[in-house]
Amino acid sequence: MKDLYLVGAGGCGREVLNMILDMHAEQGPKWNIKGFLDDTEDPLKGKACDYPVVGTIRDYAPAPNDVLLMCIASPQAKRKLVPMLKARGAVFESFVSPWAYMGRYNQIGEGAVVYGGVTMSVNITIGSFVTLLPCGFGHDVVVGDYCTISGNCGLLGYVKVGSGVFMGDSARVAPHVEVGDDAYVGIGSVVVKDVRAGEKVFGNPAREIGI
């Protein structure tokens, strides 16, 4: 059994740990959970948690039996940290909750984290190190590397999302719309036309915002 370290002890990390513990209780242990890696000061202070921060990301040196799970929601942080850790020889696992509906003929990339409550139809491509909170995907959707799709989002048929995109809770994207690399889609937005790379949009219909 591999020794598992969760990268990031923030809210996302604690949510992922909770799902892993539920899976272990239901199906038996898949990993030997060692704890969190985190570079922030005392991230678990005041938080009830059965596993501690056991080291920093910046100082982590992989051991032969180690595997990592990326538990940071920020696309920019994931894009920075993953190559750094892989250059040291780190090995990443993916996590797909047994309470996600994964459909058929779908592809999930390396290091993905899929929460319970995700629903997929068919012929969907999800990139590497993508974080999917409970959200829904229509047919033929493509999501690039390092994205985070928040809870209650809906991506309808043939939507294409570039790399490094963050979509806030309850955002919706209409069929055939493309969202460019590093775009930010605000909470509750309804996206009915293409979003340019790096653009921040918000509202219904979603419009560019100057922040």
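This briefing walks through a sheet, a helix that lies across it, and one leucine. The model is predicted, so please read everything below as a description of that prediction. At the centre of the tour is an open sheet of 4 strands with parallel pairing. Strands of a sheet pair through backbone hydrogen bonds, either parallel or antiparallel.

**The sheet**
- Reading across the sheet, the strands come in the order β3-β2-β1-β4.
- The edge strands are β3 (53-55) and β4 (66-70), and each of them pairs on one side only.
- Neighbouring strands are turned by 45 degrees against each other on average, with direction ignored.

**A pair of strands up close**
- Strand β1 covers residues 3-7 and strand β2 covers residues 32-37; they run parallel and are joined by 5 bridges.
- If you want to find one of these spots yourself, look for Val-7, whose bridge partner in β2 is Leu-37.

**The helix across the sheet**
- Helix α1, made of residues 11-27, lies across β1, β2 and β4.
- Compared with β2, helix α1 runs at about 175 degrees.

**Leu-81**
- You can find Leu-81 in helix α2, which spans residues 75-87.
- Is Leu-81 buried or exposed? Its relative accessible area is 11%, and because buried means under 20%, Leu-81 counts as buried.
- Leaving aside residues up to four places away in sequence, Leu-81 touches Ile-57, Met-70 and Ile-72.
- Ser-170 sits 89 residues from Leu-81 along the chain, and the C-alpha atoms of these two residues are separated by 27 Å.

Conventions:
Residues numbered from 1 in each chain as written. Predicted model: local features only at pLDDT ≥ 70, side-chain atom pairs only at ≥ 80, totals over all residues. Heavy atoms only, no water. Pairing = 2+ DSSP bridges. Helix = DSSP H or I, 4+ residues; strand = E, 2+ residues; numbered from the N terminus. Axes fitted to C-alpha atoms, helices over the stretch in contact; angles between N-to-C directions. Contact = heavy atoms within 4.5 Å. Buried < 20%, exposed > 50% of the residue type's maximum accessible area, 1.4 Å probe, protein only.
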